[in-house]
Amino acid sequence: FKMKKLIALFLLISTPAANAAPDSFNFTGKGFGHGVGLSQIGARSMAMNGASAIDILTHYFPGTEILAVPDNQKLRVNIGHQLKTVKLSISSKVGEIQVFNQISDEITNPPLILNDRKGAITFSIEGKKVAVSVLNNGILSTLPAAKEMTIRWRTGTEVKVSPSAITYQYGQMQIKTFKSWLELTNSVSLHDEYLYGISEMPSSWNPAALEAQIITARTYASRKANNIRVECDCDLFGSIKDLNFVGNQKIKEPKWGKQWKSAVDATAIDVESGYIISYMGMPISAFFFSSSGGVTDSSKNAFGSASPYLVSVPDPGSQDQKLNPRFYKWERSLSQEKVAKAFGLSDVVAIQIIARNSTDSAARVQGISSDGK
């Protein structure tokens, strides 16, 4: 669970002369992300020094244990949110896509079929229904508009979704109307099909780090399963709102895709079960982030609620300049306009850190306007 664009740890802020509203403020800091749970750079460092995936996870989530649990449930993953139109095509050398104007395990209506790599299936809004047209071998066909539709394909078919240009090969898709837009989902098995597509860590990293990330992802997804959210018609978003899901593109990466797939398979026990992180027998809230300022933060500091396993632990790997050249330390400049908006003031003449957490992260930051507010 990555919260990009949040403030990083260890803010040090330059303060301008009193009563002068500068054009910008300069910030320096360390780390990237909310700082709670698994540090990805830290996991890589530990793996390079011989730690196993279990060593890594029990370090960053103290008091937890790694358990094997059934994980063969289906997940509905949103891969197209609030769309006006969406287009599907075949990206494999051969293949066939079928579209049914209903969603059911017992579909009886005959489908529209696409088997032409130059053709495409286009979905759009028609009132409060989904309209669909298929250009197949030069012939344009349509189905009656419906509230929802099912997309299936033959084994070996790779389905390209536009405008994202991401390809998928597992499960099936559903498309529905919601308010004035379309929601597109991909139903896949958590056990492997979903995890094969998680893109939250470079596939070239040490296998132990990859396995730690995969077990964290399985744990996160298992807590979200079987709870369809109306706004996305999904268990999980396929974006960083939950976990970044890129279909079959992760395992098709040149050179390293096979290593990611092998790491997923290594975290499975059999065809229907895999490892998760647990606390008192239940899957944990499996947060993760890029890197810290040398120690992770607690959920109490970051989110306001304490957890026995989301506590501060040493994270020296994040401060390794070779492993973390972009974020072991950083400098950024923010405009007066953005800073004033952040504080809800007409302008800002000074910023002060007025409280720090035990981890040295900024706990309370105060902005002062030219009129003293």
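User: Along strand S13, which side chains are buried and which are not?

Analyst: Keep in mind that this is a predicted model. The general idea: in a regular strand the side chains alternate between the two faces of the sheet. In S13 (residues 159–162), Val-159 and Val-161 point to one face and are buried. Lys-160 and Ser-162 point to the other face and are not buried.

User: Which way does S13 run against strand S6, and over how many bridges do they pair?

Analyst: S6 (residues 85–90) pairs with S13 in the antiparallel sense, over four bridges. To find your place there, take Leu-88: its bridge partner in S13 is Val-161, one of the buried valines.

User: And what joins S13 to strand S14?

Analyst: Three bridges, with the two strands antiparallel. Lys-160 sits opposite Thr-167 of S14. S13 and S14 make a hairpin with three residues between them, and if you check the turn, Ala-165 has a positive phi of about 65°.

User: Now strand S7: where do its side chains point, and are they buried or exposed?

Analyst: Back to the general idea, that side chains in a regular strand alternate between the two faces of the sheet. In S7 (residues 97–100), Ile-97 and Val-99 point one way, Gln-98 and Phe-100 the other, and all of them are buried.

User: Which residues stand opposite Gln-98 and Phe-100?

Analyst: For Gln-98, look to S8 (residues 112–114), joined to S7 by three bridges and antiparallel to it; Ile-113 is the residue opposite. For Phe-100, go to S12 (residues 148–153), which pairs with S7 over four bridges, again antiparallel; the bridge partner there is Thr-150.

Technical notes
Residues are numbered from 1 along each chain as its sequence is written. This is a predicted model: local features need pLDDT of at least 70, side-chain atom pairs count only at pLDDT 80 or more; totals for chains, interfaces and linings use all residues. Side-chain values use heavy atoms; hydrogens and water are left out. Buried means under 20% relative accessible area, exposed over 50%, partly exposed in between (1.4 Å probe, protein chains only). Two strands pair if DSSP finds at least two bridges between them.
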